[in-house]
Each structure stands twice: as C-alpha cells, then as structure tokens.
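Here is a short report for a reader who is new to this structure. It covers enclosed and open spaces, then the sheet, then the aromatic rings.

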Amino acid sequence: PKTDIVFLKVHKSASSTVMNILFRFGETHNLTFAFPVGGGNQLYYPHHFLARFVQGFSPRSPQPFNILCHHMRFLQPEVQKVVSRSAVYFSILRNPVQLMESSFMYYKSTSAFSRARSLEEFLSQPYLYYNPSSGDRHYARNLMAFDFGFNPDAEPSAKRVQLMLKAIEASFDLLLISEYFDESMVLLKEMLCWDLDSVVFFPLNSRDSSTKATLSATTVEKIKDWNRLDWAIYTHFNKTFWERIDRDFGRERMQREVRALRERQAELAGICLQGMGSVAPKDIKDSSLRPLQHGSAKILGYNIKEGLDKETERMCRRLVTPELQYSSALYKKQFAPKPP
C-alpha cells in the first residue's frame, strides 16, 4: 500500500469524504500528517502553499510527512519540500454548475455573494457584485482553477487553457470526479494498492436537499460561461477519467467493483448507523459528531448505534467523525507533549 500522498482538497467537491478516508488510513497505519501550524483546517488558504505553513517543518532537517490533505492553494515546488519524492498526487473535481450553486449557499457571506439575493441575480450582472481585487473573490469564480494555483480571472484563451490542463496533468497522478464517487474510489484503491475497507465511506459534509436549488437551463449556461476555466478543467478530466477506466479496467470489472463497494457500505451502515442514513444537524445526539454549519446550507451528520463493542464502535466513529473534529484529534495525537 502507498503511504505517501498529496491530496489537493478542492472546495465543495466531496473532498471532506475523501479526507475522512485519508484520516482513517493514516490513523490506522500510524502515518504523519502535514498539519497547518497551530492546528486549524487550512494551510493559510487562500495564499499559495508554502512549506513553512506546515507544523514541524524545518528546512534544515526536512522530515518528509506522509499525507498532505488540508485545504491549500497548490504550489508544487513548495509541496515537494514536505513530502517524499515518490508521493502520489491526486485531487477531485466537480461539475462547475453544481459547484457554483453549492458555493453560493455555503459562502453566502463572502463579498461577491452577500448582496445578491439569488444566484440568478448574481449571474445577471456579476461585475455589479464581483470585485476581482477582493481577497475572497475566488469563492465566486473558477474556484477549482484557483485551488489548483491559477488566476481565476485570467482570459480563458485556447492557449492558456491548454497550458493549464498540461500543468495539472504533469503534477497529478489521478483526478477523481465527484459525480462518479464510487468509481473514483475504485480507481483510488487501485492506484494506492489499498483494500476495500480503506475506501469505504459514508458521505460527509453533505447538504440537506431542502437547501439545494434547481437551476434553469439559462442559469446553467451562464454558470459555464462565468466559470470557463473550471468548465475546461472539468470536461477534460471527466473525459480522461472514463478513458482511464476503459484502458485499465473495462466497464464490466468497474461495475463489479462498484457493486462490492456499495454492498460493503450497506453492510457497515447496518452495523454502525441508527436508521441507516444521515440525519439533520438538530437530530444528531452526540455533539462531538455534529458537523460545522456554514452559510445557509444545512449540513447532515450521523448517529451511531448504541451498545456496540469497543472495536466496532471505534471503527464506526472513524467513519462518521466530521472533518474538523477528526483533524483536531489527529493533530493532538501527532503533537502530544512528550512525557518528561
């Protein structure tokens, strides 16, 4: 199994669920994480990543960390200072249409979105609300391109788009697609030589459907046009994703593997969860399992069955612990004060 991993955690793209998989694997295999200085959940985002943002990094004795997976704005020469040369790089993409709808709900308080009553209103004249020089503008335009380190306001010329796609291809071994999350987990498992239980998941940080908006065809086209860099990234890597499946797997084997993943997931839901699925934040009984609520989105969570034996309870808790709580527990463990 591969243990040196860089995951570029792209915002609002099922990346919290991927992070949980990495946290669980790292914890069970006693790996080191590249945490932000002082804990926290972002590596000085939205600044480009620098090695000195990592707790315990020292240029004099660079001790490579196993897993780098907290939110960052990608800058590969700096990333290479904190992980081993053989590290596997991967990220996840989401259709920019749903990504923007999600961002509008989740980052409603940012400068670009706060004054617009709806996403439609924002898109009708974006420059009335959007200021290219404001520090939080990236949440409102080409958010994926920004997280990959590019300028979200750049002119999307054919040449620039080609260069951007080539740069991403040169840096990353695999790009997952959140709309095909199960297939993505199968590809990830294969690339990392992990077993099935390492990539089984319960979706984390997902919104209650009551806060999801339905978009008209006109709005969809406006979103694609406003996020042309993101649209280019997504369509290109969605295509290479399926090409990879056809080349390395074949559709039949992929279907079999996805079925096995779903069966194991259903089995674990039966073992671990009260009521088999996610619940509204107000219905989560254990406050340590309640995800952070943000913007006007309602973030769902889980209740674990009572009366489980210790080992099973620990496994179940790991599967449903929200990102911030899990990150903070691992940070405390990794930087526990040494006994005198």
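One cavity of 30 Å³ or more is counted in this predicted model. The largest cavity has a volume of about 50 Å³. Its lining includes Pro 96, Leu 99, Met 100 and Ser 103. Tyr 139, Ala 140, Arg 141, Asn 142 and Leu 143 line the largest cavity too, as do Asn 227 and Asp 230. Helix α3 gives the most to this lining, with four residues. By class, the lining of the largest cavity has six nonpolar, three polar and two charged residues.

**Pockets**

Open spaces come next. The largest pocket has a volume of about 890 Å³. The second largest pocket holds about 260 Å³. The table sets out both, with the cavity alongside.

| Space | Volume | Main contributor to the lining | Classes in the lining |
|---|---|---|---|
| Largest pocket | about 890 Å³ | α3, four residues | 19 nonpolar, 18 polar, seven charged residues |
| Second largest pocket | about 260 Å³ | α13, five residues | five nonpolar, three polar, six charged residues |
| Largest cavity | about 50 Å³ | α3, four residues | six nonpolar, three polar, two charged residues |

Which residues lie nearest the centre of the largest pocket? They are Lys 12, Ser 16, Leu 204, Asn 205 and Ser 206, out of 44 lining residues. Three helices each supply at least two residues of this lining: α1 (15-28), α3 (96-106) and α14 (323-334). Helix α3 gives the most, with four residues.

The second largest pocket is lined by 14 residues. Nearest its centre lie Arg 24, Thr 28, Asp 197, Ser 198 and Met 315. Helices α1, α9 (196-199) and α13 (310-320) each supply at least two residues of the lining. Here α13 gives the most, with five residues. Six residues of the lining of the second largest pocket are charged, five are nonpolar and three are polar.

**The sheet**

Four strands make an open sheet in the order β2-β1-β3-β4, with parallel pairing. Strands β2 and β4 are the edges, and each pairs on one side only. Strands of a sheet pair through backbone hydrogen bonds, either parallel or antiparallel.

Strand β1 (residues 5-8) pairs with β3 in the parallel sense over four bridges. Across this pairing, Leu 8 has Ser 91 in β3 as its bridge partner. Strand β3 (residues 88-93) also pairs with β4, again in the parallel sense and over four bridges. There, the bridge partner of Ile 92 is Leu 176 in β4.

Are the faces of β4 covered or uncovered? In strand β4 (residues 174-177), both faces are covered. Leu 174 and Leu 176 are buried on one side, and Leu 175 and Ile 177 are buried on the other. In a regular strand the side chains alternate between the two faces of the sheet.

**Aromatic rings**

How many aromatic pairs does the structure hold? The count is 31. One of them joins Phe 35 and Tyr 331: the ring centres are 5.4 Å apart and the planes stand at 85 degrees, so the pair is edge-to-face. This pair links distant parts of the chain. Phe 35 sits in the loop between α1 and β2 (67-68), Tyr 331 sits in helix α14, and the two are 296 residues apart. Phe 35 has a relative accessible area of 0%, so it is buried. Tyr 331 is at 18%, under the 20% cut-off, so this residue also counts as buried.

Phe 148 and Phe 172 form another edge-to-face pair, at 5.3 Å centre to centre with 75 degrees between the planes. This pair too links distant parts of the chain, 24 residues apart. Phe 148 lies in the loop between α6 (143-147) and α7 (158-171), and Phe 172 lies in the loop between α7 and β4. With a relative accessible area of 4%, Phe 148 is buried. Phe 172 counts as buried at 8% relative accessibility.

Some rings gather in a group. Phe 104, Phe 113, Phe 122, Tyr 127, Tyr 129, Tyr 130 and Trp 226 form one aromatic cluster.

Charged side chains also meet rings. Lys 12 lies over the face of Tyr 106, at 3.4 Å from the ring centre. Lys 12 is also among the residues nearest the centre of the largest pocket. Arg 253 lies over the face of Phe 249, at 4.1 Å from the ring centre.

How values were computed: Residues are numbered from 1 along each chain as its sequence is written. This is a predicted model: local features need pLDDT of at least 70, side-chain atom pairs count only at pLDDT 80 or more; totals for chains, interfaces and linings use all residues. Side-chain values use heavy atoms; hydrogens and water are left out. On a 1 Å grid over the protein atoms alone, a cavity is a set of points where a 1.4 Å probe fits but cannot get out, and a pocket is an open set with protein on both sides within 12 Å along at least five of seven lines; lining residues have an atom within 4 Å of a point. Grid points are joined across faces, edges and corners, and a volume is the space filled by probe spheres set on the points. Ala, Val, Leu, Ile, Met, Phe, Trp, Tyr, Cys and Pro count as nonpolar, Asp, Glu, Lys and Arg as charged, and the others, Gly among them, as polar. Buried means under 20% relative accessible area, exposed over 50%, partly exposed in between (1.4 Å probe, protein chains only). Two strands pair if DSSP finds at least two bridges between them. Rings of Phe, Tyr and Trp (its six-membered ring) pair if their centres lie within 6.5 Å; planes under 30 degrees apart count as stacked, over 60 as edge-to-face and the rest as tilted. A charge sits over a ring if NZ of Lys or CZ of Arg is within 6 Å of the ring centre and within 35 degrees of the ring normal.
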